[in-house]
Amino acid sequence: MLYTVANGLSKAAGLFLVKIQMDPTLIPTDQYGLIAILTAVVGIGGPILTLSLPLALMHILSTTRDPDRDAAAFTTFAFVLGLVVTVGGVCIWQAEAIGAWLFDNETAGVDPGLYGSLGLAVVLATAFEALSHLGYVLAQIRERVVFYSATLLSRFAVVIGANIVLVVWLGKGLEGALWALALAGAAGALVMNSYLLATTTWRIDLGVFRRMVRYSAPLMINSLAIPFLYAGDRLLMEELAPAITLSIYDMAAKLAGVLNVIVVQGFQSAFNAIGLKEHGATGGGALHRRTFRHYVVFGGGFALGLSLFAGDALALLLDKDGQALLAAEPYVFPLALGLVGYGLFIIASNILLAREKTRTISLVVVTSALLNLGLNVVLIPTMGAMGASLATLVSYTVLAVGAGVAAQQSEGIRFRWEHLGGVVLVVCLLYAASRPVLEWALVPRLAALAGLMALYPFGVLLVRVYAWSEVMRGADLVRNRIEQRRRR
């Protein structure tokens, strides 16, 4: 729950950031989407530089009693630091060329004189992202939830403060926004690496490192494929569509990303370590099977609510100069549903990680990423942002189903796919019913949308994902806990 609260607060801070970055007097609207390019590159480049070793570290510390595992964290840190310094040094030397490659968009009007600064911001932000991963993994494994959450929130505080100084006060525009993200990455890396170095044994063990590399080797390609699934569409859209289309699509992705930050990332932060520990203790996937149903219901409901009120949320966020971005509203629904699928992938892949079936995970992820690439190349030129949205939905569906089927075969369990189908049916019907309502005046529109959202729990009962008896037992449990607290 604390992970979810922290991610929710950070997303609320992010909405404040959007108000700054979407002010066309500070950053031109056509350049707003280019901020997503930095996010995409950092999201792809950071994990690549770690070679998926944080996952190997999580595995060895959660599921094994390896006598040398005390040296695993520092050994991994030393290797990743050396790799980041080496690769980062080369990239800093080529910063201007990197900036030109990323930001040379004729319709966005970026000053070529800024390419060097923009490229350097991207390189440093990527390096800091890579260096912070191991500390976050250690905090998750040790269940240091408060520390993890406080660091996450402080990172967003740095982003906002730096944007206020660089973008608002100093008028640095796009350059200021990108350097703000680099500064936030530096703050996160400093805190997390200090934590790692203060709480681990400073010893390098090549034996345990070799075992970790064997485990993570098939996952290394995932370091490219998974971030590409999340952000590669924006990289392709920069080449295949006008800058304003990228800005509109990125706005939709940010709204859908509310689900990713609050539901998926909060869930992933808690479940990755807990799921591995539970599997190591019981040798089975019972927890994963139970979690599947609850996640489907909660994730589906969140995606529905986000999609129903997306238009009004945009109207609240945008001023009259940013009205072009209101066109993002219809793309939120497929993107949000796709992210629900990513959460299901997390559940299933956790079983495969525990079983050391990393090659299977890589096969599923690479297949989904290649499908995403092909669909985006075909659909973006003909359908624009909607093509990218549908490509994301299809790719995440393949990712979830592929990993789920593999986990079932590995563990001898069966996920209740009919529950997923039932929830998706309810969500789609309620969303379709909301389309005519969007033309109504504000008060009746909000009332109707709230009414549709209120129908969701009844729809879940109707398709028998939950039984009424379970609802009553849950209500009794809540009442009992409330009474216990009152007695205290």
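Visitor: How many of the 488 residues count as buried, as a percentage?

Guide: In this predicted model, 54% of the 488 residues count as buried. A residue earns that label when its relative accessible area is under 20%.

Visitor: And what does the protein show to the outside, by area and by atom type?

Guide: About 20,800 Å² is exposed, and carbon and sulfur atoms supply 67% of that area.

Visitor: What secondary structure does the protein have?

Guide: There are 21 helices and zero strands. The contacts reach across the sequence, too: among those between residues at least 6 apart, 82% join residues at least 24 apart.

Visitor: Can we go inside? Which residues touch the most other members of the largest nonpolar core?

Guide: That core has 138 residues, and the ones touching the most other members are Leu 57, Phe 103, Met 251, Leu 259 and Tyr 456. Helix 15 (residues 332-354) supplies the largest share of this core, with 16 residues.

Visitor: What is Tyr 456 in contact with, leaving aside its neighbours within four places in sequence?

Guide: Two stretches of numbering turn up. Tyr 456 is in contact with Val 296, Val 297, Gly 300, Gly 301 and Leu 304, and also with Val 423, Val 426, Val 427 and Leu 430.

Visitor: On to the aromatic rings. Why is the pair of Phe 74 and Trp 202 called stacked?

Guide: Two tests apply: ring centres must lie within 6.5 Å to pair, and planes under 30 degrees apart count as stacked. By this rule the structure has eleven aromatic pairs. For Phe 74 and Trp 202 the centres are 5.5 Å apart and the planes meet at 15°, so both tests are passed and the pair is stacked. The two rings also link distant parts of the chain, 128 residues apart: Phe 74 sits in helix 5 (residues 72-93), while Trp 202 sits in the loop between helix 9 (173-199) and helix 10 (206-216).

Visitor: Are these two residues buried or exposed?

Guide: One of each. Phe 74 has 13% relative accessibility, so it counts as buried. Trp 202 has 57%, so it counts as exposed, given that the exposed label needs over 50%. Together with Phe 77, they form one aromatic cluster.

Visitor: Where is there a nonpolar patch on the surface?

Guide: Val 165, Val 168, Trp 169 and Leu 170 form one, with about 410 Å² of accessible area together. Trp 169 belongs to helix 8 (residues 145-169).

Visitor: How do you know that Trp 169 counts as exposed?

Guide: The cut-off for exposed is over 50%, and Trp 169 has 64% relative accessibility, so it counts as exposed.

Visitor: What about Thr 39: why does it count as partly exposed?

Guide: Its 42% relative accessibility falls between the 20% and 50% limits, so Thr 39 is partly exposed. Thr 39 is part of helix 3 (residues 35-50). Its C-alpha atom is separated by 8.7 Å from that of Leu 181, although the two are 142 residues apart along the chain.

Visitor: What makes Glu 129 and Arg 155 a salt bridge?

Guide: The nitrogen and the carboxyl oxygen have to be within 4 Å. Here the N to O distance is 2.9 Å, so the pair qualifies. A search of the whole structure finds eight salt bridges. In this one, Glu 129 comes from helix 7 (residues 115-141) and Arg 155 from helix 8, 26 residues apart.

Visitor: How do you know whether Glu 129 and Arg 155 are buried or exposed?

Guide: Set the values against the 20% limit. Glu 129 has a relative accessible area of 16%, so it is buried. Arg 155 has 19%, so it counts as buried as well.

Visitor: Which parts of the chain does the salt bridge of Arg 355 and Glu 411 tie together?

Guide: Arg 355 lies in the loop between helix 15 and helix 16 (358-383), and Glu 411 in helix 17 (residues 385-411), so parts 56 residues apart in sequence are tied together. The closest N and O atoms are 2.9 Å apart. Arg 355 is partly exposed at 38%, whereas Glu 411 is buried at 12%.

Visitor: Finally, how far apart are the closest N and O atoms of Arg 416 and Glu 418?

Guide: The distance is 2.3 Å, so this pair too meets the 4 Å limit for a salt bridge. Arg 416 has 32% relative accessibility and counts as partly exposed, and Glu 418 gets that label at 36%. With Arg 414, they are linked in a network of salt bridges.

Note on methods. Residues are numbered from 1 along each chain as its sequence is written. This is a predicted model: local features need pLDDT of at least 70, side-chain atom pairs count only at pLDDT 80 or more; totals for chains, interfaces and linings use all residues. Side-chain values use heavy atoms; hydrogens and water are left out. Rings of Phe, Tyr and Trp (its six-membered ring) pair if their centres lie within 6.5 Å; planes under 30 degrees apart count as stacked, over 60 as edge-to-face and the rest as tilted. Helices (H or I, at least four residues) and strands (E, at least two) are DSSP runs, numbered from the N terminus. Buried means under 20% relative accessible area, exposed over 50%, partly exposed in between (1.4 Å probe, protein chains only). Patches are made of residues with over 30% relative accessible area and no salt bridge: like charges are joined within 9 Å, nonpolar side chains (Val, Leu, Ile, Met, Phe, Trp, Tyr) within 5 Å. Accessible areas come from the Shrake-Rupley method with a 1.4 Å probe; for residues, only the protein chains shown count as cover. A salt bridge is a side-chain nitrogen of Lys or Arg within 4 Å of a carboxyl oxygen of Asp or Glu. A nonpolar core is a set of buried Ala, Val, Leu, Ile, Met, Phe, Trp, Tyr and Cys residues joined through side-chain atoms within 4.5 Å. Contact means heavy atoms within 4.5 Å.
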